[in-house]
Amino acid sequence: MSTARRVLVAVLPYPLACAAVTVSYRSLRDRLPDPMATHIGPGDKADGFDDPGAFLGVSLGVFLAIGAVFAFLTWLTRSAPGQQRGVAAAGGGMAVALGWIVVAIVRANAEVGADGDAASVTLPGRLAAAGFAAALVYGVLGWLAAGRGETPAPATGPVPADAARLPLAESESAGWTRVVGSRAQVGVGAITLAGAVLIGFVAGRPAALLCAAFGVPLVLLCRVRVSADRRGITVTPAALPWPRLNVPLERIEEATHRSVDALRDLGGWGYRAHPGISGIVLRSGDAISARLTNGSEFVVTVDDAATAAALLNTLADRERSIGGRA
């Protein structure tokens, strides 16, 4: 229920923003210049123009695309309640800011009039500042509404005796990390971004941004860094520190490694979730397999998964023995 509530916090403002923009556009359509100003650049002067109908369609498409991205990110971070709470609040706040600014642009065009010069449209900085202030207010309220959530029950018993372990002295510490990528995802992302450039020349900047909103995440997430250490299993984009997916040691009953077929086992590539199993699958092959305290399995396809699993078992044993002595 906590995840469902946080997804709602993240995405609810997007359909509301779509409704506000649509109502504003329809009520003022007869007063809008054609083409209308769609972007206000430095000095509060219009430097981008488009057909009013196209502007509405692209704006609504961008809202829905960004809303879908934040819904996915909120769901993706469900194993880390604190991060999930922040993602949800930020996602909803972005919708408020974007909706406010788009409505302000429509109204600014209407003030010029249907027979006016769209190049004279201005958007005072105070209106944009008001939009970001409204986004901040929603972010705070969304953070509170998201709640702390329930912390998954920690593992209490030792890791099974027959599980592989990496020998470590009590005074030793260790960490393991590898980078894994998907060539197919790189290709799809590159094609999408190239298409965004082409669309920019043909249909204008808003349509290009909509296409890029799909291409950029594909490229950024085509290579991820997988780490196994005292924090558990952590997966982040290879080039960025965020978004971060973490499965802490206390949620891992036992770590092993096994071969995963992306299509047969999980139905595709990327972040996958099915009843009883979830994980990051960028290719088929060797994978870390963690049996969690809720009975489900978490997998990450990566080279040298056996070493990572053995280290996780050793570190989990150490943490639980320390907890037991405390």
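**Entry 1: helix packing**

Angles under 35 degrees between helix axes count as roughly parallel. I applied this cut-off to the first two helices of the model, which is a predicted one. I looked up helix H1, residues 2–11, and helix H2, residues 13–28, and found that they pack at an angle of about 25°. Their axes lie 5 Å apart. I therefore recorded H1 and H2 as roughly parallel to each other.

I next listed the residues through which the two helices meet. H1 contributes Leu 8, Val 9, Ala 10 and Val 11, and H2 contributes Pro 13, Tyr 14 and Pro 15. I sorted the residues of this contact by character: seven are nonpolar, none is polar and none is charged.

**Entry 2: salt bridges in the whole structure**

I then turned to charged side chains. Side chains of opposite charge can pair when their charged atoms come close. My search of the whole structure returned nine salt bridges. I examined several of them individually.

**Entry 3: Glu 254 and Arg 291**

I found a salt bridge between Glu 254 and Arg 291, with 3.1 Å between the closest N and O atoms. This pair links distant parts of the chain, 37 residues apart. Glu 254 belongs to strand E7, residues 252–260, and Arg 291 to strand E10, residues 285–292. I also checked the accessibility of both partners. Glu 254 has a relative accessible area of 15% and is buried, whereas Arg 291, at 39%, is partly exposed.

**Entry 4: the pairs of Arg 258**

I looked up which acidic residues pair with Arg 258. One of them is Glu 297, whose salt bridge with Arg 258 has its closest N and O atoms 2.8 Å apart. Glu 297 lies in strand E11, residues 297–301, and Arg 258 in strand E7, so the pair ties together parts that are 39 residues apart in sequence. Asp 265 also meets Arg 258 in a salt bridge, at 3.8 Å from N to O.

I noted the accessibility of these three residues in turn. Arg 258 is partly exposed at 28% relative accessibility. Asp 265 is likewise partly exposed, with a relative accessible area of 26%. Glu 297 has 17% relative accessibility; buried means under 20%, so I entered Glu 297 as buried.

**Entry 5: the network**

Finally, I asked which residues are linked with Arg 258 in a network of salt bridges. I recorded Asp 261, Arg 264, Asp 265 and Glu 297 as the residues linked with Arg 258 in this network.

How values were computed. Residues numbered from 1 in each chain as written. Predicted model: local features only at pLDDT ≥ 70, side-chain atom pairs only at ≥ 80, totals over all residues. Heavy atoms only, no water. Axes fitted to C-alpha atoms, helices over the stretch in contact; angles between N-to-C directions. Helix = DSSP H or I, 4+ residues; strand = E, 2+ residues; numbered from the N terminus. Parallel < 35°, antiparallel > 145°, perpendicular 65-115°, else oblique. Contact = heavy atoms within 4.5 Å. Nonpolar A, V, L, I, M, F, W, Y, C, P; charged D, E, K, R; others polar. Salt bridge = Lys/Arg side-chain N within 4 Å of Asp/Glu carboxyl O. Buried < 20%, exposed > 50% of the residue type's maximum accessible area, 1.4 Å probe, protein only.
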